[in-house]
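Here's a friendly walk through one protein model, written for someone meeting it for the first time. Have a look at the structure, then read on.

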Amino acid sequence: MRSHVAVGCALALCATAGLGDAWPYPDDTPSPGSVSLGLAGSVPADVTRYLMAHGASDVRVSPDGRHAGFLWSISGSPQLWRVALDGGAPEQLTFGDAIRDFHWAPNSKAFLIARDIDGNEREGYTLLDIDGRKERIVLPPSNAFRWFGGFSADGQRIIYSSTERNGTDYDIYVTAIASRESRRILEGSFGYFPAALHPDEATLLLSETRGEDANNLHSLDIATGNLTPLFRPTVAAAFEQSVWRRNGSGFYVISDVDREHKSILFVDEKTAKPETIVAARWSIDELALCDNDRVLLYVVNENGYSRLGAYDVTVGKALAVPDLPAGVYDIDCARQAPAAVVRVVGPSVSGDIYAWDFSASDARHVFAGSLAGLDPNLHFVEPEVRTFAARDGVQLQGLLYLPRGAAPPDGFPLLVEVHGGPTGQRQPSFRPVEQYLVNTGVAVFAVNVRGSTGFGKTYTRLDNQERRLDSVRDLVDTVAFLSNDPRIDTARAAVMGGSYGGYMVNAVLGTYPGVFRAGVSFVGVSDWVRALNEASPALKASDRLEYGDIREARWQTFYAKNSPINTVDAINVPMLFSHGVNDPRDPVTESDRMVRRLRENGLDVVYLRFADEGHSVRKVRNKVALYQAVAGFLDKALQLDRSDE
């Protein structure tokens, strides 16, 4: 549901009433058993083998440019690993409970580690030495949500936002690591999040939530608590990944203020006027300031694929960049050394790390993710990028993954896969479940309906408020478009999505019965009136623009009519639901009520209700249980022929 990490509101405080209530169907609680991978080299390979393929995520360079830290789930849950950028084997540093996030200390000798409890997103912080042998508590987990904002230059203090005061509003705090004493420096309302600490540590850039895809930017005087607005444009805009020059003369930021696509701007500290430094035909997704402020490293999102760029600030021209595998990139670099890393994921790349010294023409491949014995030339396919018009002329886009070989006479059965957000985008990243389904003979179309990111500011806002259902209708138009492809059998079509994509599944099956033969819904909203009323003020700040102010009678009427729970009786196909009991964004009751009604109507429903997960399934054993069930469900619903296997 409604995640907008770029502007600091990924953590939503939703109502938890009913999470502890007894669920009357004990068989819905999975009991993961032993894992069997099947034989290596077999086609199709078992879904479990695809789920065992893991790569690096959240890659960050140490300030001295010698190491990269990253998260890797190869041991069963996300853990922190470290690898030297000049080569060598990676080393696992954490064990046990899953890691949500980490950050290098300024001295490159320690990490700040963030953990929650079974996916409840209420994280606590510890400080871990670089060798992983000494750890101490900085802030224990509590009932509050927290958002880490950075270290002081000497590494003795951290800045973060937290809902500790009243459970809803995000305030800004400074905590001394040694004494663990905290001081609130701003009492916030709705959502305020640290963006970048000034080098003199007297002021702090603050991001204020404003819509799913936008935020305002302020300057906070840390000593006095005074807040000075910097950017509050009439037309809401994004201001992301702010980073100060080391001399404090100004900061770089990614923004689409007064423009359609995101560019890199430099904002002078004295005048606060933005100057365009790098612009492209497509939006810029990522920014890093490297090598003592000499190099701006960035990533352009070109129709879903990433393009790496580098700009030498001192001479004002672009730098040649190394060739990298096609896919989606994440970047980071050392502020004090000519060292950068690029994480690459792609259709057959699970998460590799490349290190680039700016003086070299090539990048060093320092870490390769595991494919669990799968052959990239046999078990994975590259997508076709398809663009087409919806019935009202709006251009939609998606990625079509087709099984290898000739299509059967009637075509391949179809799975339409819907991303979350709604401000998200399906890109050609590593999608093991979808690749498994393709490997079994299913065509998968990962669609970017209106409201998706990556195609400009106007496009992202085409599903706002009363236009919400236009994006649901886009799923119907997607099937109509694909029906013209003789390789695809749209009479055997299913739809699958998670988070906001789960809502889309719930909505399209009840609003447009007869289009899809089955649905798979993960952690999706069923009742928008409840969801919007009970969201945190941080989300309410965006919801008023994205969905409409639920305090107004017209929006209560609109969502009472158009929420999936009110069209559930029109659903007439088999469904599979999955939800974590600890989900703090969409309470498990959102799926519970859908399952109850559908079962009361006599419909075939599979439900996996995980007692130890939250808004996502992070534990490998639970992923195996979930996607084995999904695979079996779709086999049956789409009538896949397994007679030759």
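Let's start with one pair of residues facing each other: A288 stands opposite L297, which belongs to strand β22. Keep in mind that what you're looking at is a predicted model.

The partner strand here is β21, covering residues 283-290, while β22 covers residues 295-302. The two run antiparallel, and 7 bridges join them. Together they make a hairpin with 4 residues in between. In that turn sits D291, with a positive phi of about 55°.

How many of the 8 residues of β21 are buried? It's 7, so the strand is largely enclosed by the rest of the structure. As a bit of background, side chains in a regular strand alternate between the two faces of the sheet.

β21 also takes part in a disulfide, since C290 lies in that strand. C290 is joined to C333, with an S to S distance of 2.2 Å. The count for the model comes to 1 disulfide. C333 is in strand β25 (residues 328-333), so the bond ties together parts that are 43 residues apart in sequence. The torsion about the S-S bond is about -90°, which means the disulfide is left-handed. Both C290 and C333 are buried.

Now for the rings. Searching the whole structure turns up 32 aromatic pairs. Such a pair is described by the distance of the centres and the angle of the planes. Here are two of them:

| Ring pair | Centre distance | Plane angle | Type |
|---|---|---|---|
| W104 and F111 | 4.2 Å | 45° | tilted |
| Y252 and F266 | 5.0 Å | 55° | tilted |

The Y252 and F266 pair links distant parts of the chain: Y252 is in strand β18 (residues 250-255) and F266 in strand β19 (residues 263-268), 14 residues apart. Are these rings buried or exposed? Y252 is buried, at a relative accessible area of 1%, and F266 counts as buried at 6%. As for the other pair, W104 is buried with 9% relative accessible area, and F111 is buried with 0%.

F266 has another neighbour too: R245 lies over the face of its ring, 4.0 Å from the ring centre. A similar arrangement involves R599, which lies over the face of Y25 at 4.6 Å from the ring centre.

Finally, some rings gather in a group. Ring pairs link Y500, Y503, W528, W555, F558 and Y559 into a cluster.

Technical notes:
Residues are numbered from 1 along each chain as its sequence is written. This is a predicted model: local features need pLDDT of at least 70, side-chain atom pairs count only at pLDDT 80 or more; totals for chains, interfaces and linings use all residues. Side-chain values use heavy atoms; hydrogens and water are left out. Buried means under 20% relative accessible area, exposed over 50%, partly exposed in between (1.4 Å probe, protein chains only). Two strands pair if DSSP finds at least two bridges between them. Rings of Phe, Tyr and Trp (its six-membered ring) pair if their centres lie within 6.5 Å; planes under 30 degrees apart count as stacked, over 60 as edge-to-face and the rest as tilted. A charge sits over a ring if NZ of Lys or CZ of Arg is within 6 Å of the ring centre and within 35 degrees of the ring normal. A disulfide is a pair of cysteine sulfur atoms within 2.5 Å.
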